[in-house]
Amino acid sequence: MKTFRDLDQIFKMTVKWEQEIKDLYDIAAYGVKNEQSKELVNFLKKNQNAHMEILNNLNLKDYGSIEYVQFSFGLHVAEEIPVHTITKDTPPLEIFKNVLKYEKKVKDFYTKVAVELVSENQTELFDSLAQFKENQIEYINNFIKRNYTDIETGQN
């Protein structure tokens, strides 16, 4: 079980996870060959880069006290966020599915944190982080449905 002492500790960890997602998009950009896949990855990567810039410039103290916040989650954090190895040779559908799993886990974590916060500003911050993840998830899901449904169902 992971217990967090303060919001700053949670935020530093989430920035690390967001960087890992950015790294996944960088690898995906090399791994996908189809032009539509490249467009999606580049779009998601651009969104993620803008998101990272916001996170890196964000001052948590602007959202209220960060000192005494304590969270305990029933699962180990390592179990919360999946670790997948993808390379430039990983098939595109597998890349998208792995990125999707990662995005969903981070979104779920943001949602759990938002529910526990008592400060309205902090809750809104983590709700907005969860919404960003939801948007990324929606883009990926829609792309998979449009481009890979036949492959998954065995139809050609």
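## Exercises on salt bridges and the nonpolar core

E103 counts as buried, because its relative accessibility is 0% (buried means under 20% relative accessible area, exposed over 50%, partly exposed in between, with a 1.4 Å probe and protein chains only). The model is predicted, so local features need pLDDT of at least 70 and side-chain atom pairs count only at pLDDT 80 or more, while totals for chains, interfaces and linings use all residues. Residues are numbered from 1 along each chain as its sequence is written, and side-chain values use heavy atoms, with hydrogens and water left out.

**Exercise 1.** Determine which residue meets E103 in a salt bridge, and which helices hold the pair.

*Solution.*
1. The side chain of E103 meets that of K133 in a salt bridge (2.6 Å, N to O); the term denotes a side-chain nitrogen of Lys or Arg within 4 Å of a carboxyl oxygen of Asp or Glu.
2. E103 lies in helix α4 and K133 in helix α5, so the pair ties together parts that are 30 residues apart in sequence. Helices (H or I, at least four residues) and strands (E, at least two) are DSSP runs, numbered from the N terminus.
3. K133 also counts as buried, at 0% relative accessibility.

**Exercise 2.** Describe the salt bridge between E134 and K107 and the network that includes E103.

*Solution.*
1. The closest N and O atoms of E134 and K107 are 3.4 Å apart.
2. E134 belongs to helix α5 and K107 to helix α4, so this pair ties together parts 27 residues apart in sequence.
3. E134 counts as partly exposed, at 28% relative accessibility.
4. Salt bridges that share partners join E18, E103 and K133 into one network.
5. By the salt-bridge rule, the count comes to seven.

**Exercise 3.** Identify the residues with the most contacts inside the largest nonpolar core, and the elements that contribute to this core.

*Solution.*
1. The core has 41 residues, and F96, F126 and I140 have the most contacts inside it. A nonpolar core is a set of buried Ala, Val, Leu, Ile, Met, Phe, Trp, Tyr and Cys residues joined through side-chain atoms within 4.5 Å.
2. Two or more residues each come from α1 (7-31), α2 (35-57), α4 (92-116) and α5 (120-153).
3. Not counting residues up to four places away in sequence, F126 touches L7, I10, F11, Y110, V113, A114 and L117 (contact means heavy atoms within 4.5 Å).
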